[in-house]
Amino acid sequence: MTVHGERENIPSIAKGEAPKALKRFTDTYNKSYRELDPALANQVQTGPLLDISAADLKAQHAAKPDGNPAYPPLRLTDARYAIPKQVGWPKFFVADTESNRDDNRWLLVFTRGGADQPWKAAYLSILSQDEVPDFQLDKDGWARSVPAEGVTPKLATRPDKLSAEYTDYLMTGEGEIFADGQATSGLRTSRKKFVRTPKFWTEYIDTAAEGTRYAPVGLRLRDGGALVFFTSHHRQKQTMAKGYRPNPTPQIKALMTGEAKRSVTLTRVSESAVRVPAKDAADPKVVFLNRLEGVTAAKGE
């Protein structure tokens, strides 16, 4: 009997196949950092994680064109899998792992757009042991996904609105969606220090991520809330005062187009993991658990 994943409500991946997807990712990830080859990263990554990794590999390759054979391999162990039942494509699942890099848990979101496509990691979030939430599971151990679009009446906000709500907040400081923290009020405070200095001034433009490549994904939690992963885009233009010239780092120069005579514009992508509380929670504010950001392009003028 053929099961049609585009019509039936079935697990996004068989429990025995999830470890294979994780191993394929880890093996290819390590090879890409030994060879410093963004094309290898493209085989096992997508979305914001690929944007960040590809730019990082490009910058490192500029400094080490022969690769980095001494790269210490990443090892992901003690994997726990949160696999939701889903109808249609794309599908996703989450691997919650230990890493040989630190004492935290590394959560990887794997997605694919069809049965004939490989699983690729779209999001990476690094959480402390006590930050990893308890996922809501059914009697068979399957997780419950949160629809990215449409009505989610039991959550404080919809996953597909988070990117726009976050970038609007960063630009204006207005809104009551997000709790104070390093990624919210703290980021706005740190930016203010660089808006105008004796040597340069800085402009910030934050925009929501759009399209299936940056689609948010979420899983229901036992407390009625959800863990949601989403993407946002950020630009920062630093213009030097008269008598000063930009001095970009070698990593930025490797990603730069144009010549940095007076200003440098950096394009960044961030991927975030947030806890979205239930709509009737005592504190309905969205809390950032992790935010990873990387420079993906630079322009000198």
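**Close-ups of a helix pair and the sheet beneath**

**View 1. Where helix 1 meets helix 3 in this predicted model.** Ser32, Tyr33 and Glu35 of helix 1 touch Ser53, Asp56, Leu57, Gln60 and His61 of helix 3 (contact means heavy atoms within 4.5 Å; helices are DSSP runs of H or I with at least four residues, strands are E runs of at least two, both numbered from the N terminus). By type, the residues of this contact split into 2 nonpolar, 4 polar and 2 charged (Ala, Val, Leu, Ile, Met, Phe, Trp, Tyr, Cys and Pro count as nonpolar, Asp, Glu, Lys and Arg as charged, and the others, Gly among them, as polar). The two helices pack at about 30°, axes 9 Å apart (axes are lines fitted to C-alpha atoms, for helices over the stretch in contact, and angles run from 0 to 180 degrees between N-to-C directions). Helix 1 and helix 3 are therefore roughly parallel, a label for angles under 35 degrees.

Residue numbers start from 1 along each chain as its sequence is written. Since this is a prediction, local features need pLDDT of at least 70 and side-chain atom pairs 80 or more, while totals for chains, interfaces and linings use all residues, and side-chain values use heavy atoms, leaving out hydrogens and water.

**View 2. Helix 1 and its buried residues.** Among the buried residues here are Leu22, Phe25, Tyr29 and Tyr33 (buried is under 20% relative accessible area with a 1.4 Å probe, protein chains only). The buried set packs against helix 2 (38-44), helix 3 and strands 2, 4, 5 and 6. Helix 1 (residues 18-35) lies across those four strands, at about 135° to strand 2. Just past its end, Leu36 has a positive phi of about 50°.

**View 3. The open sheet of 4 strands.** The strand order is 2-4-5-6, with antiparallel pairing (a pair needs at least two DSSP bridges). Strand 2 (76-82) and strand 6 (120-127) are the edges, each with a single partner, so one side of each has no neighbour in the sheet. From one strand to the next, the twist averages 25°.

**View 4. Strand 5, covered on both faces.** All 8 of the 8 residues of strand 5 are buried, so the rest of the structure largely encloses this strand. Arg105, Leu107, Val109 and Thr111 sit on one side, with Trp106, Leu108, Phe110 and Arg112 on the other. Strand 4 (residues 91-99) joins strand 5 (residues 105-112) by 8 bridges, and Val94 partners Val109. A hairpin of 5 residues links the two. Towards strand 6 there are 7 bridges, with Thr111 partnering Lys120.

How values were computed: Angles under 35 degrees count as roughly parallel, over 145 as roughly antiparallel, 65 to 115 as roughly perpendicular and the rest as oblique. Buried means under 20% relative accessible area, exposed over 50%, partly exposed in between (1.4 Å probe, protein chains only).
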